[in-house]
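Trainee: I have a structure open and would like to learn how to read it. Where should I begin?

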Amino acid sequence: MDEELLETIDEEELEEDDFVVPSFLDNSSEEEIHKKMLDYLPDDIDKSEGGYVYDLTKPTAIEVSRMKEFELVEALKLIWPRYAEGAFLDYHAETRGIQRKEAMNAAGILHITGTLGTVIPEGSIFTTESINDEPEKEYETLEEATITAEDGVDVKIQCTEAGLNGNSAKNTVNLEEDIIEGIAEVTNPEPIIGGAEEEDDESLRERIMEYDQSQGDSFVGNVSDYKRWALSVEGVDTAIVFSPEDNSGKVKIVITPANDELNIQELKDKVTNYIMSPDNPENRLAPVNAKVEVVTPDNLIININAAVELKAGAELTSVTDIFRKAVNNYLKATVNEGKIRYTQISNILGDTEGVYDYSGLVISKDGDAEGKTDNIAVDPNVIPEAAVTLSLAESSN
């Protein structure tokens, strides 16, 4: 990269910018590109430094390197609001229904005294004094006014230029640019305020990124909010949310761990702290006055019995273990559905590796007198777990 180009890039940005340059732009220095160009040429011509061919190809290598190492990288960065600037950042904002905050004109009241009946036209210009080579500030009247009283008249004024510079202390706007016969004295009895600069890139970028991060998220504290918050905690596999049944405001969240090795109490505490943030109220997700109770479900044993015919080489112990794991994965999802489907258990058994055929499949909750072929209702406060008994059926092969 040539020295002139390096001067156009902020050294701090080169050191701290975490934008990852795509690998297809590697090996793009002017030396590397020039060498490639020379290597493409026949070997029987003079390619030495200072020669005609060398000098003819060098400028192209410089420009290609500039394009790949700087211009193309900058163009790629404009794809993301995080790196975009100026008008390109405005384009990102526009697609999100966001606009850069415009500069604002300072405004206030100008008190004018003079001859009764004197008319001050709308748009009349009044100024501050020019002090220490600082130019005067111009203010225009926003309405037509007439002096109808001995103590004068108040007129709304606004700085002709937007920005912070339009703010002025009281009693500083006291000159007429447009001389109006009949005016004796003008001044602003209160400071002229409200002038603001156009929103800078950093502020606009922050608003864009906050907008993106909030899409699809609600923070009103509905059921889906609590479920999303609970599932955001590492180690939580499923979450069922129950709204308060009384005036206590207590939301009950039933969670299941991602694996049996997790400390259940620690996991419940993590979920509670994440949602309620008792040590840092500013990070609290739950609405004010809401309370949270995080619990784990009781186990519900589901007995499954069937006679199976095995494929050649399959072992009953191995088939039973595979089937049990597949059923337990399915049972986790039944908490949301509210029931265990007999047909789904049947499908899982039929698809189990090593099973050729089966018969007599029945399911039941622990404690039931006998197995059935009906669906089983599941209480959200419990987590079903399979107890499988498979026996060998007489093969029909």
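Mentor: We will go from the whole chain to strands, and then to single residues. Keep in mind that this is a predicted model.

Trainee: What does the protein chain contain in the way of helices and strands?

Mentor: The protein chain has 10 helices and 16 strands.

Trainee: How do I read the radius of gyration of the protein chain?

Mentor: Set the value beside the one for a compact globule. For 397 residues such a globule would have a radius of gyration near 21 Å, whereas the protein chain has 39 Å. The spans of the C-alpha trace can be read next to that: about 115 × 90 × 35 Å along the principal axes.

Trainee: What share of the residues is buried?

Mentor: Of the 397 residues in the protein chain, 33% are buried. The cut-off is a relative accessible area under 20% for buried and over 50% for exposed, with partly exposed in between. The accessible surface of the chain comes to about 24,300 Å², and carbon and sulfur atoms hold 47% of that.

Trainee: And how many charged side chains are there of each sign?

Mentor: There are 32 positive and 86 negative side chains. The centres of these two sets are 13 Å apart.

Trainee: What can contacts say about the fold?

Mentor: Look at the sequence separation of the partners. Among contacts with a separation of 6 or more, 66% are between residues 24 or more positions apart.

Trainee: Now strands. In which sense do β9 and β10 pair?

Mentor: Strand β9, residues 236–242, pairs with strand β10, residues 250–257, in the antiparallel sense over six bridges. To follow the pairing residue by residue, start at Thr-238, whose bridge partner in β10 is Thr-256. Then go to Phe-242, which stands opposite Lys-252 in β10.

Trainee: What does β10 do with β11?

Mentor: Here the sense is parallel: β10 and strand β11, residues 291–295, pair over five bridges. One of the partnerships is that of Val-254 with Val-295 in β11.

Trainee: Why is β9 described as largely enclosed by the rest of the structure?

Mentor: Count its buried residues. Five of the seven residues of β9 are buried, so the strand is largely enclosed by the rest of the structure. When you look along a strand, also remember that in a regular strand the side chains alternate between the two faces of the sheet.

Trainee: Let us take single residues. Is Thr-127 buried or exposed?

Mentor: Thr-127 sits in strand β3, residues 125–128. Its relative accessible area is 6%, so Thr-127 is buried. Leaving aside residues up to four places away in sequence, its contacts include Glu-136, Lys-137, Thr-172, Val-173 and Leu-175.

Trainee: Which residues does Val-186 touch?

Mentor: Val-186 belongs to strand β8, residues 183–187. With residues up to four places away in sequence left out, Val-186 touches Leu-110, His-111, Ile-112, Phe-126, Val-173, Asn-174 and Leu-175. Val-186 is buried because its relative accessible area is 4%. For a distance along the chain and in space, take Glu-176: 10 residues separate it from Val-186, and the C-alpha atoms are 8.0 Å apart.

Trainee: Where is Gln-99, and is it buried or exposed?

Mentor: Gln-99 is in the loop between α5 (86–95) and β1 (107–114). At a relative accessible area of 68%, Gln-99 is exposed. Gln-99 still has contacts beyond residues up to four places away in sequence, namely with Glu-199, Leu-204 and Arg-207. Gly-350 is 251 residues from Gln-99 in sequence and 59 Å from it in space, C-alpha to C-alpha.

Trainee: What is there to learn from phi?

Mentor: Most residues other than glycine have a negative phi, and most peptide bonds are trans. Asn-171 has a positive phi of about 60° although it is not a glycine. Asn-171 lies in the loop between β6 (153–159) and β7 (173–176), and it is partly exposed at a relative accessible area of 46%.

Trainee: What is the phi of Asn-289?

Mentor: It is near 75°, again positive in a residue other than glycine. Asn-289 is placed in the loop between α8 (264–276) and β11. Its relative accessibility is 66%, so Asn-289 counts as exposed.

Definitions and conventions:
Residues numbered from 1 in each chain as written. Predicted model: local features only at pLDDT ≥ 70, side-chain atom pairs only at ≥ 80, totals over all residues. Heavy atoms only, no water. Helix = DSSP H or I, 4+ residues; strand = E, 2+ residues; numbered from the N terminus. Rg over C-alpha atoms; globule rule 2.2 N^0.38 Å. Buried < 20%, exposed > 50% of the residue type's maximum accessible area, 1.4 Å probe, protein only. Contact = heavy atoms within 4.5 Å. Areas by Shrake-Rupley, 256 points an atom, 1.4 Å probe, with all protein chains shown as cover. Lys, Arg positive; Asp, Glu negative; His and termini not counted. Charge placed at Lys NZ, Arg CZ, Asp CG, Glu CD. Pairing = 2+ DSSP bridges.
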